[in-house]
Number of protein chains: 2
Amino acid sequence: MGSLPFSINEVLSGEKRSIAKAITFVENEEKGYLEFLNEIYKKRKNGYRIGITGPPGAGKSTITSKLAILYKDFGFRVGIIAVDPTSPFTGGALLGDRVRMSAIELDPNIFIRSMASRGSLGGLSKSTREVSDVLDAAGFEIILLETVGVGQSELDIVRAADTTIVTLVPESGDVIQAMKAGLMEIADIFLINKSDRPGSEQAVMSIQTILGLRDHDETTWIPKIIKTIATDGKGVENIISAVSEHKNKMEKEGSLQKRRIDREKERIEELVNQNLLNNFWDEKKKNILNSNLENLIENKITPYELLNRLVNEK
Amino acid sequence: MGSLPFSINEVLSGEKRSIAKAITFVENEEKGYLEFLNEIYKKRKNGYRIGITGPPGAGKSTITSKLAILYKDFGFRVGIIAVDPTSPFTGGALLGDRVRMSAIELDPNIFIRSMASRGSLGGLSKSTREVSDVLDAAGFEIILLETVGVGQSELDIVRAADTTIVTLVPESGDVIQAMKAGLMEIADIFLINKSDRPGSEQAVMSIQTILGLRDHDETTWIPKIIKTIATDGKGVENIISAVSEHKNKMEKEGSLQKRRIDREKERIEELVNQNLLNNFWDEKKKNILNSNLENLIENKITPYELLNRLVNEK
């Protein structure tokens, strides 16, 4: 491996500044980053990855920071990866909630990284997973993956996490919307946050009803539903118990292994696919495409004719 | 071209049953679908594509059906493509709002198609665009693309649409959430629907403020903001005027052409990429991947070593 702009040993010993540099190095896909990730992969220490997701305004950032502090108080080193949805049109990340985290950022046993999601084609899931590997190798035993977004990013989180927590609020409709957005299927643990508001008991019951409709036997994990008031820290210790319970159940049933195998399979597919596409789209191919765009609009060539030309061009 | 399970002439003459069969044929990527799309592409008649998106509960389906009826009353043939978010975990589409549309479905000048979104890798945008081509070739002059989802699907809509309408409700926070979700940048027209509720004037002002912060000159389209009460049909005629205004402005500035060129460029890239990946992942490659998954978890091979093996295997 060539020279790196940071010390790999310092990353592995958990030195924050080197970790931050290493993550930037990976995010920017700088020369040698695959070799670096290859080394990192071998040094993973079985850190546990917890995804925290849910609709906007459900209090995910507060939950994440309270969870981090509690895990730290229990003696763990905690890494946080917070994914900000970036507009693909402006390229700018919307911060805000991130700022509130800065207090805990100074804690030597907590490391926080905000990441922008970058375009489609698995960009987000890819780097979330790879950055998790870096934190894992750097000795963070708990890795919290928080996504502020909705839609695709939740699926990316669940692909990167061992346990997925879906945070909702009691307001009527939130459960229905979560169901529509596919959140019900990905949750290992549900939080009804801001549970001092009216409707929290009803939200719990709605989720129970939906869960009750599913087939299950004794090997099935039935998602826990936990009421929290994150701003006061209420219920946060119950989240930690539920995560442990989920982890133990999965280990007993062999499903943690299965989940991680699925994750690795997707990772390889994405790596290979990215590699294929990068190799294909050389300058010549890009020129053929760009020089034919007006012809397409003017019906002088169809997309399918152009496809054949591009694929058969050597 | 081989034999098709429907008559291409009946599709082109707007026969609904044949159109429905043709769309299924394309959605299922049945043998010969690319050749069919190639023929369809040449027969497009410059139909105008309008995307309708926004957060859940904003009334998109109602807006869409009211718009369809009004366009039809003006003498246009109207096609509707409604994209349901499908959970990638269950494979099942969540219907609901779709049911309400069935009344207008019987109108001979309105064609409605519900589509499930299928996985990532541009699956949704691809079929939305291709199905729009089919409707265009079948003589639908107005094509309404409605997405119930949030997140990625909006971006897919904007890639397929000539004009994009973002529907919001007055409730405080909706504008902020729309901003976070990247909806502000994609809107050519904003609707404040359910504008009889409190806060609608404030919502209009918030959007105006955000829009005012952007750079613009006389060639820039400044998004229109329209208050509607879709259930009563109030304001729907203003949407149609705004769409026409946007279309005329884009034609004058040449940006409609540019938007369509960008759309075709993405289409080709997706076609080529899908083709590459399909060719790569043959049985042999899949076997190499599957037989190494446990080795990955057990650290006997890394993803990057496996990548090299897969790419170099002939």
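Axes here are lines fitted to C-alpha atoms, for helices over the stretch in contact, and angles run from 0 to 180 degrees between N-to-C directions. The views below come from a predicted model.

**View 1. Helix 3 of chain A meets helix 16 of chain B.** Here residues 33–42 of chain A and residues 303–312 of chain B bring their helix axes within 8 Å, crossing at roughly 125°. That crossing makes helix 3 of chain A oblique to helix 16 of chain B. On the chain A side, look for Leu34(A), Leu37(A), Asn38(A) and Tyr41(A); their partners in helix 16 are Pro303(B), Tyr304(B) and Glu305(B). Sorted by class, this contact has five nonpolar residues, one polar and one charged.

**View 2. Helix 4 packs with helix 12 within chain B.** The pair spans residues 60–73 and residues 236–253, with axes 10 Å apart and an angle of about 70°. Angles of 65 to 115 degrees count as roughly perpendicular, so that is the label for helix 4 and helix 12 of chain B. Helix 4 brings Lys66(B), Leu67(B), Leu70(B) and Tyr71(B) to the contact, while helix 12 supplies Val236(B), Glu237(B), Ile239(B) and Ile240(B). The tally for this contact is six nonpolar, two charged and no polar residues.

**View 3. Arg44(A) sits in a loop of chain A.** The loop runs between helix 3 and strand 1 (48–53). Arg44(A) has 16 C-beta neighbours inside 10 Å, so it counts as partly exposed. Setting aside neighbours within four places in sequence, Arg44(A) is in contact with Asp133(A), Asp136(A) and Ala137(A). As for Glu105(A), it is 61 residues from Arg44(A) in sequence and 23 Å from it in space, C-alpha to C-alpha.

Technical notes: Residues are numbered from 1 along each chain as its sequence is written. Chains are lettered from A and ligands numbered from 1 in the order in which they are written. This is a predicted model: local features need pLDDT of at least 70, side-chain atom pairs count only at pLDDT 80 or more; totals for chains, interfaces and linings use all residues. Helices (H or I, at least four residues) and strands (E, at least two) are DSSP runs, numbered from the N terminus. Angles under 35 degrees count as roughly parallel, over 145 as roughly antiparallel, 65 to 115 as roughly perpendicular and the rest as oblique. Two residues are in contact if their C-beta atoms, placed from the backbone, lie within 7 Å. Ala, Val, Leu, Ile, Met, Phe, Trp, Tyr, Cys and Pro count as nonpolar, Asp, Glu, Lys and Arg as charged, and the others, Gly among them, as polar. A residue is buried if 20 or more other C-beta atoms lie within 10 Å of its own, exposed if 12 or fewer, and partly exposed in between; C-beta atoms are placed from the backbone.
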